[in-house]
Amino acid sequence: MTTIDNQTLVKWRREFHRYPETGWGEFVTTAKLIETLEAMGHRVLTGTQVINPGFVRGRNPGVVEKARLAAKAQGVSDALLARIGEYTGCAVVFDTGRPGPTVALRFDIDCVSVQETALAEHVPNQQGFGSTNPGYMHACGHDGHAAIGLGVARWLMENQDPPLRGIVKLIFQPAEEGVRGARPIAESGILDDVDYFACGHLGCDIPSGVVVAAPERYLSTLKMDLRFKGKAAHAGMEPHAGKNALLAACNATVQIMSLPTHGEGMTRVNVGVLKAGEGRNVIPSFAEMQIEVRGENEKINNYMTEEALRRAHGVAQSFDVELETEVMGEAVDFVPDEEMTAYVTEVARALPAVKEVRRTMNFNGSDDATLLIKRVQAHGGKAAYFVIGSDIKAGHHQAEFDIDESQLFTGFAIFTGLLKRLSA
Ligand SMILES: [Zn+2]
Ligand SMILES: [Zn+2]
């Protein structure tokens with residue numbers, strides 16, 4: 001028996017929805033997770049127990065500091081903030097005490113930088129759980145993912161019949177948006193003994209009552225910041241003494257945007273931001289670019305990355321300026337394991353709320369869970385990424401986005417069903 005019902009999941013989801021936090025700033029969210037999980041009796045790992053700081057991507061210290069202060073104002077205790085430390089997110093390691101497989105489930109917890117709609121008929125406004133954190137909104141359903149994770153955690157603590165074997169790890173991942181949080185979790189080694197890994201996403205343009213067992217065509221992607229450093233000089237008296245970072249960055253932009261495509265699959269490239277220079281009469285000494293490349297698979301993405309960097313470095317050399325590059329986010333593609341796809345299909349088919357189980361769909365986006373999956377697969381484990389259909393009011397990342405809360409229990413039932421299948 002379990003005490004988890006859809007109402008419990010809805011209550012948690014609404015609490016997360018009310019206070020959304022952006023990647024690496026999820027202090028209130030993480031504190032709530034720790035408190036709730038420990039109240040259930042779980043041992044919770046935090047900070048560098050889950051995150052390898054050497055691989056943290058796209059973490060803006062200013063944003064983090066603001067979020068930490070806001071969390072304090074929200075009533076998060078100093079003790080909890082100290083436990084979280086520099087890195088949000090947490091994990092549960094549940095040891096059944098009986099020999100068996102190690103299964104890891106991943107739930108992402110961050111929000112999107114979108115202002116939630118003020119429309120009165122938007123359900124979160126109607127029911128009084130709209131975002132109270134201006135400029136931020138759970139517009140991707142991760143509030144639902146975190147709630148489902150809590151549901152699974154409580155289910156683990158309730159009497160299992162038959163009892164589970166082995167170890168269950170629940171990963172509450174920060175900073176999925178911008179594909180930043182998974183790599184440092186993978187590099188912490190927490191997944192290296194995992195035999196089975198599963199995660200899911202609500203929505204994704206799949207209607208309520210439908211589950212997709214093994215989506216395909218995840219795009220590999222790399223997000224980078226490029227910083228050109230030159231030398232300022234008087235533009236009238238001694239332009240020859242300057243080194244023009246703006247000109248270098250402009251040339252690099254043109255060259256990167258005109259990269260040839262790859263014959264074996266899709267490619268994408270974008271220079272999304274370019275900022276440079278200090279004044280009208282000064283040779284510009286700095287330029288900053290935010291770029292991203294994508295590829296249908298890792299090989300094509302690596303090709304795009306290498307070519308983009310080659311051109312940037314070549315341009316930097318020809319303008320005699322320095323170039324600093326920083327990886328801000330990354331995700332890869334992966335091939336789902338047949339065995340896990342079969343389990344997801346079997347478990348989902350058995351649920352009365354699921355009307356249809358589809359084998360696959362084109363994901364056509366990126367999720368850095370793929371990095372966790374690759375890590376598990378590299379150590380011989382098997383992995384699944386499934387989609388929990390949910391009627392949505394507007395597309396992901398839009399101000400009117402809202403999930404169908406009745407599908408939270410479907411997600412919970414698939415994860416716990418998988419655990420029963422893999423570990424009982
Ligand atoms: Zn998203
Ligand atoms: Zn998402």
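The following exchange concerns the zinc site and the pockets of a predicted model.

Me: What makes Cys 140, His 142 and His 201 donors of the zinc ion (ligand 2)?

Reply: A donor is an N, O or S atom within 2.8 Å of the metal. Cys 140 offers SG, while His 142 and His 201 each offer NE2, at 2.1 to 2.4 Å. These atoms therefore meet the criterion. In sequence, the spacing of the donor residues is C-x1-H-x58-H.

Me: Why can the pair His 142 and His 201 be said to tie together separate parts of the sequence?

Reply: His 142 belongs to helix 6 (residues 142–157) and His 201 to strand 5 (residues 196–202), so the pair joins parts that are 59 residues apart in sequence. Both His 142 and His 201 are buried.

Me: Which residue coordinates both the zinc ion (ligand 2) and the zinc ion (ligand 1)?

Reply: Cys 140 coordinates both ions, which are 3.2 Å apart.

Me: How do you know that the lining of the largest pocket draws on both domain 1 and domain 2?

Reply: At least three of its residues come from each of domain 1 (6–218 + 333–423) and domain 2 (220–331). The pocket has a volume of about 880 Å³. Of the 34 residues lining it, the closest to its centre are Gly 58, Arg 180, Asp 225, Gln 290 and Met 328. Strand 9 contributes the most to this lining, with 6 residues.

Me: What makes up the lining of the second largest pocket, by class?

Reply: That lining has 6 nonpolar, 9 polar and 6 charged residues. Gly counts as polar, so Gly 365, one of the residues closest to the centre of this pocket, falls in the polar class.

Terms used
Residues are numbered from 1 along each chain as its sequence is written. Chains are lettered from A and ligands numbered from 1 in the order in which they are written. This is a predicted model: local features need pLDDT of at least 70, side-chain atom pairs count only at pLDDT 80 or more; totals for chains, interfaces and linings use all residues. Side-chain values use heavy atoms; hydrogens and water are left out. On a 1 Å grid over the protein atoms alone, a cavity is a set of points where a 1.4 Å probe fits but cannot get out, and a pocket is an open set with protein on both sides within 12 Å along at least five of seven lines; lining residues have an atom within 4 Å of a point. Grid points are joined across faces, edges and corners, and a volume is the space filled by probe spheres set on the points. Helices (H or I, at least four residues) and strands (E, at least two) are DSSP runs, numbered from the N terminus. Domain bounds come from an automatic or database domain assignment. Buried means under 20% relative accessible area, exposed over 50%, partly exposed in between (1.4 Å probe, protein chains only).
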